[in-house]
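Open the model in a viewer and keep the sequence panel beside it. The stops below each give a selection and then what is found there.

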Amino acid sequence: MSALDEIVVGVREELAGRTTRTSGAELRERAAARGAGRDCAELLRGRGRVRIVAEVKRASPSAGPLADIADPASLAAEYAAGGAAAVSVLTERRRFGGSPADLAAVAARVDVPVLCKDFVVDPYQLWEARANGAELVLLIVAALGRPLLTDLLHQAREIGLTPLVEVHDEAEAEQAVAAGATVIGVNARDLRTLEVDRTTFARVAPHIPAEVVRIAESGVRGPRDVAEYARAGADAVLVGQALVTAGRPRLAVSELLHAHE
């Protein structure tokens, strides 16, 4: 069983518990009260200057514990003050130490769009994300078959979320485009092996149409990596570990933003 398969098994187990505590009807009511989110594709489009999606991330399967984030909302506020175009919040508990409560706290604190970053396998999670204030939601091609990917992508839009469809290679990019994705994230980390290949974005990006927003994910150690991704055509770069371990998150985001100038 791959690392991704193990994570998805855990997600489904956690999801079974959450559905007994909070009904789908309650989530739909809360999501409806929020209305539709913004068109995040346009907010993340580079237009000559790379955007930064800054991540609230306590841990990862590859690196283990990263940061003791007692107040995710305050960290997100620092990211936004540094110029982040969006904030990503890990909500998976077992491997990443996150929760839907983190998402709700961040969304209540910042004005920039918030991404629910999880391993979405069920529509319940879409309603949960919007109910807790997300305007973006991650859909991972490698975790979903093509019919389910297409179905969740369309449902996310109906709920008022902008789907960020994550791919790891050329074939997955083509699947994402065929499904109608308008925002595609290219993850340099292979979720099956957890290995990072920083050449992945440059290799996969040409398979994504120019009108689709392209986000580079993983492998960022500092401004030089952001600049390299920007030169390869990234509209935005999602950064987690380098920011939560930086010590001065506002300054760290600002430095990444100016990397391509």
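Start with the nonpolar residues inside this predicted model. The largest nonpolar core has 89 residues, and the members that touch the most others are Tyr79, Leu126 and Val237. A separate core of five residues lies apart from it, with Leu15, Leu27, Tyr124 and Ala131 among them.

Now show the whole chain as a cartoon. Twelve helices and ten strands make up the protein. Its radius of gyration is 17 Å, close to the 18 Å that the globule rule gives for 261 residues, so the protein is as compact as a globular protein of that length. Along the principal axes, the C-alpha atoms fill a box of roughly 50 × 40 × 35 Å. Colour by accessibility: 56% of the 261 residues count as buried. Turn on the surface next; about 10,800 Å² is accessible, and carbon and sulfur atoms hold 47% of that. Among contacts with a separation of 6 or more, 67% join residues 24 or more positions apart. If you colour by charge, there are 31 positive and 36 negative charges, and their mean positions are 3 Å apart.

**Valine 237 and helix α10**

Select Val237 and expand to its contacts. Beyond four places in sequence, valine 237 is in contact with Val50, Arg51, Ile52, Val53, Ile215, Ala216, Val220, Val226 and Tyr229.

Move to α10, residues 223-231, where the buried residues are Asp225, Val226, Ala227, Tyr229 and Ala230. Which elements do the buried residues of α10 pack against? They pack against β1 (51-56), α9 (200-204), β9 (213-217), β10 (236-239) and α12 (249-257). After α10 comes glycine 233, with a positive phi near 110 degrees.

**Alanine 84**

Select Ala84, in the loop between α4 (72-82) and β4 (86-90). Is alanine 84 buried or exposed? Its relative accessible area is 5%, under the 20% limit, so alanine 84 is buried. Leaving out neighbours within four places, the contacts of alanine 84 are Ile52, Ala54, Tyr79, Val112 and Val253. For a distance check, draw a line from the C-alpha of alanine 84 to that of isoleucine 140: the two are 23 Å apart in space and 56 residues apart in sequence.

**Two buried charged residues**

Select Arg18 in helix α1 (residues 3-21). Arginine 18 has a relative accessible area of 13%, which is under 20% and therefore counts as buried. Outside its neighbours within four places in sequence, arginine 18 is in contact with Pro100, Tyr124, Gln125 and Glu128.

Next select Asp102, which lies in helix α5 (residues 100-109). Aspartate 102 is buried too, with a relative accessible area of 9%. With neighbours within four places set aside, Arg58, Pro72, Val89, Leu90 and Gly97 are in contact with aspartate 102.

**Leucine 152**

Finish in helix α7 (residues 146-159), at leucine 152. The relative accessible area of leucine 152 is 0%, and the residue is buried. Which residues does leucine 152 touch, not counting those up to four places away in sequence? They are Val120, Val121, Asp122, Pro123, Leu126, Leu139 and Leu144. Add a C-alpha distance between leucine 152 and leucine 126: the separation is 8.1 Å, for residues 26 apart along the chain. Leu126 was also named at the start, with Tyr79 and Val237, as a member of the largest nonpolar core that touches the most others.

How values were computed:
Residues numbered from 1 in each chain as written. Predicted model: local features only at pLDDT ≥ 70, side-chain atom pairs only at ≥ 80, totals over all residues. Heavy atoms only, no water. Helix = DSSP H or I, 4+ residues; strand = E, 2+ residues; numbered from the N terminus. Rg over C-alpha atoms; globule rule 2.2 N^0.38 Å. Buried < 20%, exposed > 50% of the residue type's maximum accessible area, 1.4 Å probe, protein only. Contact = heavy atoms within 4.5 Å. Areas by Shrake-Rupley, 256 points an atom, 1.4 Å probe, with all protein chains shown as cover. Lys, Arg positive; Asp, Glu negative; His and termini not counted. Charge placed at Lys NZ, Arg CZ, Asp CG, Glu CD. Core = buried A, V, L, I, M, F, W, Y, C linked by side-chain atoms within 4.5 Å.
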